[in-house]
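Here is a quick walk through the strands and sheets of this protein. Have the model open and follow along.

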Amino acid sequence: MNPKTASSSPPPPRIVVLGSLNMDLVLRVPHAPAAGETLQGHSIATIPGGKGANQAVSCAREGAQVQMIGCVGDDAHGTALRTALENDGIDTTALRTVAGEPTGTALILVEDGGQNRIVIVPGANAKVRIDEAALQRQVQGAAFLVTQFETPMDQVARAIAVAHAAGCKVLLNPSPVQPIAAPLWPQIDTLVVNEIEAKTLCGQSADTPQEAAQAGQALRARGIARVVVTLGARGAVAVDASGARHHPAPKVQAVDTTAAGDTFLGALAVALGEGQSFDEAVRLGIRAAALCIQQAGAQPSIPLRDAVLRSPMPPDWTPL
């Protein structure tokens, strides 16, 4: 490699992720059992997960420098989750082990058609507490603070306020969805929501690209620079100051949709951190998510950047 070329390459974006870490107990089943039904499943597996950890892994596999803030229990699952992050090159110095608390756990039922149903027991995730001085140092010069709602809402709000005050952009995935206090809205740079989350937050249906565009505009009017409404197999709608665009997804056979949204978000965050346009970042996120759903499991299914760049391009986006 030409040393001059290598030295001129920009450094990878740095991203700080605050969020949950869960050990996923994944049961593959023919279909979700009805009330009172006993169902014979196909298999069970124990796989690292949690929205925060998944998003951190996605950012790392897309090439970012990532630091994880969160809590695990002092048990085997906590040790395994920490090791899994470190294997992806993620900085875990701000990942706290909470004595006497179990590590967060998610029970995931994956149907033959790829749809999933998830029950989460927070465990140590409920013990996350923000050290404002430490967080200020961590977000200095970072491209984004990425966070979700699987850790205590008051702590997430504090973290968003600290990052915003420090000049670090905030990328929020409000899942599981909860109301967002009015003062927080203008502190969020980029909001990523699915159809249900969009409808809950703005009161408008977001089931079609046209509805998602309207919902995104309503959410953006609260002070957010950019909104993405993800639509599963129908792709995503990007909304910013220049309007709304529908980004279709490529047609693929879904094996397991677990972590698809987290994979999308990580690729989006890294692309934006690299200075790519909003639409190109959404497009990269869709390609990454399309690869993710063709594999089983949460973190094992999150692709590396090279694989994403080799994947088929989705159809062109259209203005709405």
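## The S12–S13 hairpin

Alanine 238 has arginine 245 in S13 as its bridge partner. That pair belongs to an antiparallel match between S12 and S13, held by five bridges. Just two residues link S12 to S13, making a hairpin. Keep in mind that you're looking at a predicted model.

## S12 and its other partner

On the other pairing, S11 and S12 also run antiparallel, this time with four bridges. Here valine 229 is matched with valine 237 in S12. S11 and S12 make a hairpin too, with five residues in between. Look for glycine 232 in that turn: its phi is positive, at about 65 degrees.

So much for the partners; what about cover? Is S12 mostly covered or mostly open? S12 is mostly covered, with five of its five residues buried. One side carries Ala236, Ala238 and Asp240, the other Val237 and Val239, and all of them are buried. Note that an aspartate, Asp240, is on the buried list along with the alanines and valines.

Which helix lies across this part of the sheet? It's helix H7 (residues 209-220), which lies across strand S10 (190-194), strand S11 (226-230), strand S12 (236-240) and strand S13 (243-247). Relative to S12, H7 runs at about 35 degrees.

## The ten-stranded sheet

Zooming out, S11, S12 and S13 sit in an open sheet of ten strands, ordered S5-S4-S1-S8-S9-S10-S11-S12-S13-S14. Pairing in this sheet is mixed. Its edges are strand S5 (95-98) and strand S14 (318-319), and each of these pairs on one side only.

For a parallel pair, go to strand S1 (residues 14-18) and strand S4 (residues 65-73), which share five bridges. Leucine 18 is the residue to click on there, as it stands opposite isoleucine 69 in S4.

## The four-stranded sheet

There's also an open sheet of four strands, in the order S3-S2-S6-S7, again with mixed pairing. Why does one side of S3 and of S7 lack a neighbour in the sheet? Strand S3 (43-49) and strand S7 (116-121) are at the edges and have a single partner strand each, so one side of each stays without a neighbour there. On average, neighbouring strands in this sheet are turned by 20 degrees against each other, ignoring direction.

Within this sheet, strand S2 (residues 22-29) and S3 run antiparallel and are joined by seven bridges. To find your place along that pair, start from aspartate 24, whose bridge partner in S3 is isoleucine 47.

Conventions
Residues are numbered from 1 along each chain as its sequence is written. This is a predicted model: local features need pLDDT of at least 70, side-chain atom pairs count only at pLDDT 80 or more; totals for chains, interfaces and linings use all residues. Side-chain values use heavy atoms; hydrogens and water are left out. Two strands pair if DSSP finds at least two bridges between them. Contact means heavy atoms within 4.5 Å. Axes are lines fitted to C-alpha atoms, for helices over the stretch in contact, and angles run from 0 to 180 degrees between N-to-C directions. Buried means under 20% relative accessible area, exposed over 50%, partly exposed in between (1.4 Å probe, protein chains only).
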